[in-house]
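Colleague: I've got a structure open on my screen and I'm not sure how to read it. Could you walk me through some features, one at a time?

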Amino acid sequence: MDALPVFWFIAIAALWTGYLLLEGFDLGVGMHMLFGTREERDRRVMLNTIGPVWDGNEVWLITAGAATFAAFPHWYASLFSALYIPLTITLIGLIIRAVGIEYRGKVATARWARFWTRCIGIGSVIVTFCVGAALALTSTGLPLDENGNRVGGPFVWLTPPAIIGGLAVVGFALAHSSTFLALKSDGPVRARAGRFSSRWAPLCLTPAAVWALWVQFAHGGTLLSWALVVLAVAAAVWGWSNARRRREGRAFIGYAGFGVFGVTAIFAGMFPRVLPSTIDPAFDLTVWTASSGQYTLGVMTVVACVGLPVVLVYQAWSYWVFRRRVTPGMIPDVHVVLPAILRAK
């Protein structure tokens, strides 16, 4: 058994886990801006909690996709060609959300702010649902023939597992971000986020638990994958218990632990498959049949060992610099700022 394909399967699982953990609260904050408050200052507090880190967190998505392309080209080709529509919608959602974050504060009118708030929120919903659907399909299967080509129409991917996966990531992002907001803000935003994490988290996390169990039963989960499912449930219960007591740091760790153990359980449950075929198990793409050659994987391993620590240190440093809570008093009143070229006239 070649070790490098297994190593890169684990690495890609870790990259997706990092993306869902870090970008999860970014996307969740965007969704909370839609319904969490009607006060403009509170929405600005929410946006400022993710302002220094949201674009850096998206690096995990790019890296996960690039690593899949390089390490498992057959997996990448079959999955991405079968999911043209949802992946295109995902890109549109990412663009809408990014433009909304950048443009929201450019004009000092309530109408402008409301429009871009909706863009941020709707874009966040689109991205979370589509990413969850894609990951659910790669863990439960697509109708692939012996050549790895999709069989069926353009919407053959829209299945119950895809819907459950989409709802799972949306729900996790909402629960995870509520503990993040309670930890990173103060005032009304902190209070509302604390109430949400204690009241609605069990409902939000239920689809993710269903997804993890679906994978275990579909592929005959191992002792390791079932143990990870148990740890995920235990982490969620512990986090919810602390959220009810308003222990914000422990609640955040608990929900984050649910995400880490849950995603790891899904990848462990589907191993050694990387993309099952719902037509015939003989057409499944596995770690070994979908991987690149040993030379390619070896070069990637050297590059990753050099570059990944740099990325981790930089992101840890940025989180440390911006570790303090965002309070309403830090947010100035809405005002017009003239460009420097106009002020000079």
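Modeller: Sure, let's start with a residue: glutamate 23 counts as buried, because its relative accessibility is 0% and the cut-off for buried is under 20%. Keep in mind that this is a predicted model.

Colleague: What does glutamate 23 pair with in a salt bridge?

Modeller: The general idea is to look for a side-chain nitrogen of Lys or Arg within 4 Å of a carboxyl oxygen of Asp or Glu. Here the partner of glutamate 23 is arginine 97, and their closest N and O atoms are 3.1 Å apart. The two belong to distant parts of the chain: glutamate 23 is in helix H1 (residues 3-35) and arginine 97 is in helix H6 (residues 84-103), 74 residues apart. Arginine 97 is buried too, with a relative accessible area of 0%.

Colleague: How many salt bridges does the structure hold?

Modeller: Eight salt bridges. Another one of them joins glutamate 40 to arginine 104, with the closest N and O atoms 2.7 Å apart. That pair also links distant parts of the chain, since glutamate 40 sits in helix H2 (residues 40-50) and arginine 104 in the loop between H6 and H7, 64 residues apart.

Colleague: Are glutamate 40 and arginine 104 buried or partly exposed?

Modeller: One of each. Glutamate 40 counts as partly exposed at 26% relative accessibility, whereas arginine 104 counts as buried at 5%.

Colleague: Can you show me another pair?

Modeller: Try aspartate 284 and arginine 273, which form a salt bridge with their closest N and O atoms 3.7 Å apart. Aspartate 284 is in the loop between S1 and strand S2 (285-286), arginine 273 is in strand S1, and 11 residues separate them in the chain. Aspartate 284 counts as buried at 15% relative accessibility, while arginine 273 is partly exposed at 23%. Salt bridges can share partners as well: in this way Asp186, Arg190, Glu248 and Arg325 are joined into one network.

Colleague: Now the helices. At what angle do the axes of H6 and H7 cross?

Modeller: Picture each helix as a line pointing from its N end to its C end, then compare the two directions. The axes of H6 and H7 come within 7 Å and cross at roughly 150°. Angles over 145 degrees count as roughly antiparallel, so H6 and H7 are roughly antiparallel to each other. H6 passes H7 in a left-handed crossing.

Colleague: And how do H10 and H12 run relative to each other, roughly parallel or roughly antiparallel?

Modeller: Use the angle again. The axes of helix H10 (residues 201-219) and helix H12 (residues 248-270) cross at roughly 20° and come within 8 Å. Under 35 degrees counts as roughly parallel, so that is the label for H10 and H12. The crossing of H10 past H12 is left-handed.

Colleague: I'd like to look at the backbone too. Which peptide bond is cis?

Modeller: For that you check omega. The bond from phenylalanine 271 to proline 272 is cis, with omega near 5°. You'll find proline 272 in the loop between H12 and strand S1 (273-275).

Colleague: What is the phi of arginine 246?

Modeller: Phi is positive there, about 60°, although arginine 246 is not a glycine. Look for arginine 246 in the loop between helix H11 (223-244) and H12. Its relative accessibility is 41%, so arginine 246 counts as partly exposed.

Colleague: Which residues make the nonpolar surface patch?

Modeller: For a patch, you look for nonpolar side chains that are accessible and have neighbours of the same kind within 5 Å. In this model Tyr314, Trp317, Trp320, Val321 and Phe322 make a patch of about 630 Å². Take valine 321 from that list: its place is in helix H13 (residues 294-321), and at 39% relative accessibility it counts as partly exposed.

Colleague: Last one: how do I compare distance along the chain with distance in space?

Modeller: Pick two C-alpha atoms and look at both numbers. Cysteine 130 and glycine 249 are 119 residues apart along the chain, and their C-alpha atoms are separated by 29 Å. Cysteine 130 is found in helix H7 (residues 110-140) and is buried, with a relative accessible area of 9%.

Definitions and conventions:
Residues are numbered from 1 along each chain as its sequence is written. This is a predicted model: local features need pLDDT of at least 70, side-chain atom pairs count only at pLDDT 80 or more; totals for chains, interfaces and linings use all residues. Side-chain values use heavy atoms; hydrogens and water are left out. Patches are made of residues with over 30% relative accessible area and no salt bridge: like charges are joined within 9 Å, nonpolar side chains (Val, Leu, Ile, Met, Phe, Trp, Tyr) within 5 Å. Accessible areas come from the Shrake-Rupley method with a 1.4 Å probe; for residues, only the protein chains shown count as cover. Helices (H or I, at least four residues) and strands (E, at least two) are DSSP runs, numbered from the N terminus. Buried means under 20% relative accessible area, exposed over 50%, partly exposed in between (1.4 Å probe, protein chains only). Axes are lines fitted to C-alpha atoms, for helices over the stretch in contact, and angles run from 0 to 180 degrees between N-to-C directions. Angles under 35 degrees count as roughly parallel, over 145 as roughly antiparallel, 65 to 115 as roughly perpendicular and the rest as oblique. A crossing is left-handed if the near helix is turned anticlockwise from the far one by less than a right angle, and right-handed if clockwise.
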